[in-house]
Amino acid sequence: MSYDKLVPSPTPETQPFWDGLKEERLLLQKCSDCGKVRHYPRPMCDACYSMNVEWIDAAGTGTIHSWTITHYAFHPGWKGDLPYTLLTVDLPEGVRMNAQARGIPEEALRVGLPVKVAFDAVTDELTLPIFEPA
Amino acid sequence: MSSLREAGAITGVGETLYLRGTDRTALSFQLEASLNAIRDAGLEPTDIDGLIPYGHGAVAEDFITNFGIKDLRFSATTPMGGASAVASIQCALAVIDAGICNHVLLSLGRTGYSGGRIGTRVQQMPQFKLIGEFEMPLGAIAPAQLYAPMARRHMELYGTTSRQLAEIAVTTRQHAQMQTNATMQRPMTIEDHQASRMISDPLRLLDCSLESDGGAAVVISAPDRARDLRKRPVMVMGVAEGHPDSPSAITQRPDLTTLGLAKAAPKAFAMAGVSPDDIEVAEIYDCFTYIVMCQLEDLGFCKKGEGGGFVENGALGLNGRLPVNTHGGLLSQAHMAGMNHIVELTRQLRGEAEAQVTDAELGLVTGYGDMGDGSVAIMRRG
């Protein structure tokens, strides 16, 4: 079956993030000059304007900052997944990320709930992050 | 530093009939609304010497071609989504104040209902590059889904409820029922809102704005020209735009419950020399009920976290403490990206609105868009 959802179009600056997910690693950009961690990946550090960057492995843990439960498919590819929960998660590295929840019931959702990242290989080329109960 | 206070006045406003279903083009709506605004001012199309059309629509060439403008001196767009229309007021005042233009036309035409719907067009927009790559492939595609975590966070921090959001939808619908040109006229109760289907929790169908076909336009003129035109001018007293931290990726924004408007509002109030207590009518960009409530806080009508209580008990109605969206807004009149909010505030301050706030002399209009950009203009009857 062909994959019918929206897919990312990585650039040379963002490709390592997606390559990391395929290896079940959550990689974040870290400024090689001042050490600030940033997300989403982008060319320049907003603290020191350096374009020198290294990629670090995130701890893979986090806590819920907010969420939404989607009941309407704005794109036909997600129709079969309804309803699905999208989490906004604070990572201990100081940035946030967005991913779907798996195995977290609606009544358990609360600000501060600990979660951990997992990996969902949706195609041979694309692995998406998801969050599970910690 | 000089100020744009009273550097321009709204002299003409125009709309088309608002629809949900058409075979017309967006350009024809934009030209019709523009012509209506120009005629409302008592001008001819060839008097227009500046253009700030809404993005993704008609361009200067369209107006020169269709209106036969011989000496266009300025054209630009303000790429801020739903904040563009009000931000264009600041841009228009700047070019008028610089002596470049006398009459600047702001305009919008769209087939938001009959043309491309919202869920399919966002990933391609350059300002959404980051969320297009890092959020949309996860299933977070449409504004309702991207804004819902802001509303959820506000609810968790401050105890805001869905019934409080319903108050905004219900009051706005009441105002739409008083209009001849509003697409949603059926009565709505808080229970109707609570029974409407969930779109992206906590936002229900009746928390969401419409997708509409039509056009709206505004003419802004130099003050010395404005006095001689057909209608009583409405003076711009204060205007500003504001861009939030992490402007497109809401996920990364330090405070999910604060919008770009929070940076713009103090500048506009200071320029106008008034405070929120002085405002008699407010047209607040209402793509979603929650965004209205959040802007009321960011404008300073109440403290952060108190918006839910502020909007209760019909407070936003014609006889409430702050009449809001007296035309029915994007929620119930039509989604004209806030150009219809400027049209309505102008009519309120002229005293010619269909749901008129008695003797309103000072009012405010906001724009909100592109995931958090904000704009605000404070205007006074001239």
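**Notes on the helix packing, sheets and chain contact**

1. A good place to start is the contact between two helices of chain B: B:Tyr147, B:Met150, B:Ala151 and B:His154 of H5(B) meet B:Tyr290, B:Ile291 and B:Cys294 of H10(B). Sorted by class, this contact holds six nonpolar residues, one polar residue and no charged ones. Please keep in mind throughout that the model is predicted.

2. Now for the geometry of that pair. Helix H5(B) packs against helix H10 (residues 289-299) of chain B at an angle of about 55°, and their axes are 10 Å apart. Because angles of 65 to 115 degrees are the ones that count as roughly perpendicular and those under 35 degrees as roughly parallel, H5(B) is oblique to H10(B). The crossing of the two helices is left-handed.

3. Helix H10(B) has another packing partner, helix H6 (residues 162-176) of chain B: the two axes come within 9 Å and cross at roughly 100°. That angle makes H6(B) roughly perpendicular to H10(B). On the H6(B) side the contact is made by B:Leu165, B:Ile168 and B:Ala169, and on the H10(B) side by B:Thr289, B:Tyr290, B:Val292 and B:Met293. Its make-up by class is six nonpolar, one polar and no charged residues. You will see B:Tyr290 named here and also in the contact with H5(B).

4. Which helix supplies the largest share of the side of chain B that touches chain A? That is H5(B), with six residues. The contact as a whole takes 28 residues from chain B and 32 residues from chain A. Helix H4 (129-134), helix H5 (143-158) and strand E5 (198-201) of chain B each supply at least two residues of chain B's side. The residues on that side divide into 14 nonpolar, seven polar and seven charged.

5. Strand pairing also links the chains. Strand E4 (residues 61-70) of chain A pairs with E5(B) in the antiparallel sense, over two bridges. If you would like a spot to zoom in on, A:Ile69 stands opposite B:Asp201 in E5(B).

6. Chain B has an open sheet of nine strands with mixed pairing, in the order E3-E2-E4-E7-E1-E8-E11-E10-E9. At its edges are strand E3 (74-75) and strand E9 (281-283) of chain B, each pairing on one side only. Helix H13 (residues 339-350) of chain B packs on this sheet, where it touches E1, strand E4 (103-111), strand E7 (213-221), E8, E9, strand E10 (362-369) and strand E11 (373-381) of chain B. The direction of H13(B) makes about 55° with that of E7(B).

7. Within the same chain B sheet, strand E1 (residues 9-15) and strand E8 (residues 234-242) of chain B run antiparallel and are joined by two bridges. Here B:Ala9 stands opposite B:Met235 in E8(B).

8. Chain A has an open sheet of three strands, ordered E2-E1-E3, with antiparallel pairing. Strand E2 (37-38) and strand E3 (53-57) of chain A stand at the edges; each has a single partner strand, so one side of each lacks a neighbour in the sheet. Strand E1 (residues 27-31) of chain A pairs with E3(A) in the antiparallel sense over five bridges, and A:Gln29 stands opposite A:Trp55 in E3(A).

How values were computed: Residues numbered from 1 in each chain as written. Chains lettered and ligands numbered in written order. Predicted model: local features only at pLDDT ≥ 70, side-chain atom pairs only at ≥ 80, totals over all residues. Pairing = 2+ DSSP bridges. Helix = DSSP H or I, 4+ residues; strand = E, 2+ residues; numbered from the N terminus. Contact = placed C-beta atoms within 7 Å. Axes fitted to C-alpha atoms, helices over the stretch in contact; angles between N-to-C directions. Nonpolar A, V, L, I, M, F, W, Y, C, P; charged D, E, K, R; others polar. Parallel < 35°, antiparallel > 145°, perpendicular 65-115°, else oblique. Left-handed = near helix turned anticlockwise from the far one by under 90°.
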